[in-house]
Amino acid sequence: MQRPDAIVDGTIHLWEQLAAALVSIIGEGGFQSLYSRSVHLTSATFPWMAPNPASQPTNSRFASLKMSLEGRDSTEASEASITLLCTFIDILTLLIGEFLTTSILRTAWGDDALDTAVKELR
């Protein structure tokens, strides 16, 4: 069983890599729009993930996500993390197609990480 802090750190790391790959293509505003939509949709299943703008620190793009996940047990944090990533990837795939999305994910995470993620999601 994974430690909750390992799940949180791993999640934030994946998001930072994905953001770096996408911001260079669609800009910060484009990335934030997709990410915000994904958080909104995911919060239907995990209401505690809904951002609280009044308490968001501005030092990190994913500070609110980190704070939300840190307060949960490893199972719930893992499920929410996977749901958020899948939601984001689904939206991106609808917008630009599966081939380009896969290419961007491979750039961000590498072949091994993407293959492992696909196996875990199945």
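The following exercises, each with a worked solution, concern a predicted model.

**Exercise 1. The nonpolar core**

Determine which elements give two or more residues to the largest nonpolar core, and which residues touch the most other members.

*Solution.*
1. The largest nonpolar core holds 30 residues. Those that touch the most other members are Trp15, Leu18, Phe31, Tyr35, Phe62, Leu65 and Phe88.
2. Two or more residues come from each of α1 (4-42), α2 (63-70), α3 (74-96) and α4 (98-121). The most is given by α1, with 12 residues.
3. Leucine 65 may be examined individually. Apart from neighbours within four places in sequence, leucine 65 is in contact with Thr11, Ile12, Trp15, Tyr35, Met49 and Leu84.

**Exercise 2. Classifying two aromatic pairs**

Classify the ring pairs tryptophan 15 with phenylalanine 62 and tyrosine 35 with phenylalanine 62, and locate the partners in the chain.

*Solution.*
1. The whole structure contains 9 aromatic pairs.
2. For tryptophan 15 and phenylalanine 62, the ring centres are 5.9 Å apart and the planes meet at 40°, so the pair is tilted. This pair joins distant parts of the chain, since tryptophan 15 lies in helix α1 and phenylalanine 62 in the loop between α1 and α2, 47 residues apart. Both tryptophan 15 and phenylalanine 62 are buried.
3. For tyrosine 35 and phenylalanine 62, the centres are 5.2 Å apart with the planes at 75°; the limit for edge-to-face is over 60 degrees, and the pair is therefore edge-to-face. Tyrosine 35 belongs to helix α1 and phenylalanine 62 to the loop between α1 and α2, with their positions 27 residues apart in this link of distant parts of the chain. Tyrosine 35 is buried, as is phenylalanine 62.
4. A single aromatic cluster is formed by Trp15, Phe31, Tyr35, Phe62 and Phe88.

**Exercise 3. The geometry and surroundings of α3**

Compare the expected span of α3 with the distance between its end C-alpha atoms, then describe its start, its buried residues and what follows it.

*Solution.*
1. The helix α3 has 23 residues, and at 1.5 Å a residue it should span 33 Å. The end C-alpha atoms of α3 are 32 Å apart, which agrees with that expectation.
2. At the start of α3, a side-chain oxygen of aspartate 73 comes within 3.0 Å of the backbone nitrogen of threonine 75.
3. The buried residues of α3 include Ser74, Ala77, Ala80, Ser81, Leu84, Leu85 and Phe88. In general, an α-helix has 3.6 residues a turn, so residues three or four places apart point the same way.
4. After α3 comes glycine 97, with a positive phi near 95°.

**Exercise 4. The salt bridges**

State how many salt bridges the whole structure contains, and assign the accessibility class of each partner.

*Solution.*
1. The search yields 3 salt bridges. Partly exposed residues have a relative accessible area between the limits of 20% and 50%.
2. Arginine 61 pairs with glutamate 28, their closest N and O atoms being 2.6 Å apart. The bridge links distant parts of the chain, with arginine 61 in the loop between α1 and α2 and glutamate 28 in helix α1, 33 residues apart. Arginine 61, at 35%, is partly exposed, and glutamate 28, at 35%, is also partly exposed.
3. Arginine 72 and glutamate 76 form a salt bridge with an N to O distance of 3.7 Å. Arginine 72 has a relative accessible area of 27% and is therefore partly exposed; glutamate 76, at 25%, counts as partly exposed.
4. Aspartate 111 and arginine 106 form a salt bridge at 3.1 Å, N to O. Aspartate 111 is partly exposed at 44%, and arginine 106 is partly exposed at 33%.

Notes. Residues are numbered from 1 along each chain as its sequence is written. This is a predicted model: local features need pLDDT of at least 70, side-chain atom pairs count only at pLDDT 80 or more; totals for chains, interfaces and linings use all residues. Side-chain values use heavy atoms; hydrogens and water are left out. A nonpolar core is a set of buried Ala, Val, Leu, Ile, Met, Phe, Trp, Tyr and Cys residues joined through side-chain atoms within 4.5 Å. Buried means under 20% relative accessible area, exposed over 50%, partly exposed in between (1.4 Å probe, protein chains only). Helices (H or I, at least four residues) and strands (E, at least two) are DSSP runs, numbered from the N terminus. Contact means heavy atoms within 4.5 Å. The expected span of a helix is 1.5 Å times one less than its number of residues. A polar contact is a pair of N or O atoms within 3.5 Å; within protein, one must be able to donate a hydrogen and the other to accept it, and residues adjacent in sequence count only if both atoms are side-chain atoms. Rings of Phe, Tyr and Trp (its six-membered ring) pair if their centres lie within 6.5 Å; planes under 30 degrees apart count as stacked, over 60 as edge-to-face and the rest as tilted. A salt bridge is a side-chain nitrogen of Lys or Arg within 4 Å of a carboxyl oxygen of Asp or Glu.
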